[in-house]
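I sat down with this entry and a fresh notebook page. Here is what I looked up, in the order I got to it.

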Amino acid sequence: MKYAGYDLIIIEGKAKKPVYLWVNDAAVEILNAGEIWGKSVPETTEAIRAATDEEASVACIGPAALCAAATLRRADPKARVTILCRESDRPYARMALPYLLAGRIEEKNFFLTPPAGVELHLGEEAVRIATDRREVETAGGKAFPYDRLLIASGASPEKPKIQGGNLPFVFTIRDLPDIVRIRTRLPGRTGRAG
Ligand SMILES: Cc1cc2nc3c(=O)[nH]c(=O)nc-3n(C[C@H](O)[C@H](O)[C@H](O)COP(=O)(O)OP(=O)(O)OC[C@H]3O[C@@H](n4cnc5c(N)ncnc54)[C@H](O)[C@@H]3O)c2cc1C
């Protein structure tokens, strides 16, 4: 942005559909992101570069582990990359969770595809890193060896400490099971969202 001559861009209001901001020197445009919505970071970067400029810098956010795995495989296509994930659901875009809850997208359409050649172990919570043996130990009692280790454990929501904040019908939205729990409370809705 600095090269284009901007220190700061202020965006007001809210787009009705997914869009992205394209800054090209004096030209600043808001472009349609309908085809990009829900894609991973590498896919988003590729799609925006194809639509604009092959050398464009793309600022986007997505699951860190999948993005790092794709980057590692690009740098070394023979690298053995293993991802441990404590969730038992396939990777998905968290930002789509409210749309899933609202019924605007179906569960089957919001899962992300891990990069080719990456070993994904679902339902494996890392509980200990044995640095002496270079192993990650999981809650299920398994040990995964590593040469290099990247921790991308994200965040977890904190409920405000207010009266009633811990009642069973007060929810946060962070993971797919949160949507299932909320849907179970709604009259006439089943837990699964798809
Ligand atoms: C409702 C909602 C809406 C959002 N909307 C937007 C938006 O519109 N735009 C935007 O840019 N961002 C949005 N975000 C934020 C975006 O989703 C996050 O920035 C992004 O998910 C962060 O990615 P991450 O990989 O760092 O962490 P996470 O997506 O949290 O992934 C971390 C993963 O690590 C796993 N994990 C944690 N500990 C362990 C362990 N010990 N062993 C194994 N696995 C473990 C977790 O289960 C999780 O699967 C939204 C988030 C939410 C919840």
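Is threonine 131 buried or exposed? I should jot down before answering that this is a predicted model.

**Entry 1: threonine 131.** I found this residue in the loop between E5 and E6. I then looked at the C-beta atoms around threonine 131 and got 10 others within 10 Å. The cut-off for exposed is 12 or fewer, so threonine 131 is exposed. I also took one distance while I was there: threonine 131 and proline 145 are 10.0 Å apart, C-alpha to C-alpha, with a sequence separation of 14 residues.

**Entry 2: the E5 and E6 hairpin.** Next I followed the loop out to its two strands. E5 covers residues 126-130 and E6 covers residues 135-138, and I noted four bridges between them in the antiparallel sense. For alanine 126, I traced the bridge partner in E6 to threonine 138. Four residues sit between the strands of this hairpin, and I marked arginine 134 for its positive phi near 55 degrees.

**Entry 3: the E6 and E7 hairpin.** I carried on along the chain to E7, residues 143-145, which pairs with E6 over three bridges, again in the antiparallel sense. Proline 145, my distance partner from the first entry, stands in E7 opposite glutamate 135. E6 and E7 make a hairpin too, with four residues between them. In its turn I picked out glycine 141, whose phi is positive at about 90 degrees.

**Entry 4: the sheet.** A reminder to myself: strands of a sheet pair through backbone hydrogen bonds, parallel or antiparallel. Here I have an open sheet of three strands in the order E5-E6-E7, with antiparallel pairing. E5 and E7 are the edge strands and each has a single partner, so one side of each has no neighbour in the sheet. Ignoring direction, I get an average turn of 25 degrees between neighbouring strands of this sheet.

**Entry 5: the ligand.** Which residues come nearest to the ligand? Out of the 20 residues around the ligand, I listed Ile61, Ala64, Arg94, Met95 and Gly154 as the nearest. Helix H2 (64-75), strand E3 (81-85) and helix H3 (97-101) are the elements that each give two or more residues to this shell. Sorting the shell by class, I got 13 nonpolar, two polar and five charged residues.

Note on methods: Residues are numbered from 1 along each chain as its sequence is written. This is a predicted model: local features need pLDDT of at least 70, side-chain atom pairs count only at pLDDT 80 or more; totals for chains, interfaces and linings use all residues. Two strands pair if DSSP finds at least two bridges between them. A residue is near a molecule or strand if its C-beta atom, placed from the backbone, lies within 6 Å of it. Ala, Val, Leu, Ile, Met, Phe, Trp, Tyr, Cys and Pro count as nonpolar, Asp, Glu, Lys and Arg as charged, and the others, Gly among them, as polar. A residue is buried if 20 or more other C-beta atoms lie within 10 Å of its own, exposed if 12 or fewer, and partly exposed in between; C-beta atoms are placed from the backbone. Axes are lines fitted to C-alpha atoms, for helices over the stretch in contact, and angles run from 0 to 180 degrees between N-to-C directions.
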